[in-house]
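Biologist: Please take a close look at one part of this model, the surroundings of the ligand, and describe them for me in a connected way.

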Amino acid sequence: MELYGYWRSSASYRARIALNYKQLEYNYIPVHLIKDGGEQHKQSYRQLNPNGLVPTFVDGTVILHQSLAIMEYLEEKYPEPSILPGSARLRGCIRALALDIASELQPLINLRVQQYLTRELKFDDAQKNAWLQHWFRQSFTAFERNLEEVAGDYCVGNEFSMADICLVPQVYSAERFGIDITPYPILRAVYARLCELPWVADAHPSKQPDAEN
Ligand SMILES: N[C@@H](CCC(=O)N[C@@H](CS)C(=O)NCC(=O)O)C(=O)O
């Protein structure tokens, strides 16, 4: 198995946590998102992933993009331990929280969006920061409300799941962008608990072979 990713990419981080949790061995192939205009735009990489985004996951003849699709594939092929535990209702909650992050928040703050804001729309640092603050605040406020209903030790009850896998990298990136997470006490407590888990800790960007200072 191979995972094409970037150390600081939140979507790559999700895939790494899922692979670690399921104790699956894989080769990590770094794709530098900044160097030389971004290796994700190179023809050789776009043949693998026409979107020009990381991660891309390869398992023999299977080539997958989209971290949630990769996680669902891993879940079907390697069901234990499960990242979608519990009843149909709980699995619905897990998927909804995962999508809140992966489909609603992350696409608005992605590198290519930030580059468009600064390069094409000429946003200065303060304007770009206001953009990031706005979308994080809106998303994390709703996420906190949802956690009030469903959280236990983790995002949904007391079992680790795909919702947790999506939360960790997004809080990491919030910290990177200087977002204040003190208004979200449940999110913060769950995040702190998750960071202690070995399969989460090992997937941290700073532990990847392509990590930079
Ligand atoms: N929905 C996709 C998002 C993939 C994505 O946005 N990846 C980012 C890094 S987190 C990326 O490759 N950005 C490169 C760019 O914006 O040029 C997934 O979950 O895999």
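Modeller: Helices here are DSSP runs of H or I with at least four residues, numbered from the N terminus. In this predicted model, helix H1 (10–21) and helix H5 (111–119) each supply at least two residues of the shell around the ligand, and the largest share, three residues, comes from H1. The shell counts 15 residues, the closest being Val54, Gln66, Ser67, Asn110 and Arg112; sorted by class, six of the shell residues are nonpolar, seven are polar and two are charged. Because domain 1 (2–81) and domain 2 (88–199) both give residues to this shell, the ligand lies between them.

Turning to individual polar contacts, Gln66 places a polar side-chain atom 2.6 Å from a nitrogen atom of the ligand, while an oxygen atom of the ligand is found 2.8 Å from a polar atom in the backbone of Arg112. In the case of Gln106, an N or O atom of the side chain is 3.1 Å from an oxygen atom of the ligand. These contacts go together with extensive cover, in that the ligand taken alone exposes 510 Å², of which the protein buries 93%. The space that the ligand takes up is the largest pocket. Gln66 and Arg112 thus appear twice in this description, since both are listed among the closest residues of the shell, and the contact of Gln66 runs through its side chain, whereas that of Arg112 runs through its backbone.

Notes:
Residues are numbered from 1 along each chain as its sequence is written. This is a predicted model: local features need pLDDT of at least 70, side-chain atom pairs count only at pLDDT 80 or more; totals for chains, interfaces and linings use all residues. Side-chain values use heavy atoms; hydrogens and water are left out. A residue is near a molecule or strand if one of its heavy atoms lies within 4 Å of it. A polar contact is a pair of N or O atoms within 3.5 Å; within protein, one must be able to donate a hydrogen and the other to accept it, and residues adjacent in sequence count only if both atoms are side-chain atoms. Accessible areas come from the Shrake-Rupley method with a 1.4 Å probe; for residues, only the protein chains shown count as cover. On a 1 Å grid over the protein atoms alone, a cavity is a set of points where a 1.4 Å probe fits but cannot get out, and a pocket is an open set with protein on both sides within 12 Å along at least five of seven lines; lining residues have an atom within 4 Å of a point. A molecule sits in a cavity or pocket if more than half of its atoms lie within 2 Å of its grid points. Ala, Val, Leu, Ile, Met, Phe, Trp, Tyr, Cys and Pro count as nonpolar, Asp, Glu, Lys and Arg as charged, and the others, Gly among them, as polar. Domain bounds come from an automatic or database domain assignment.
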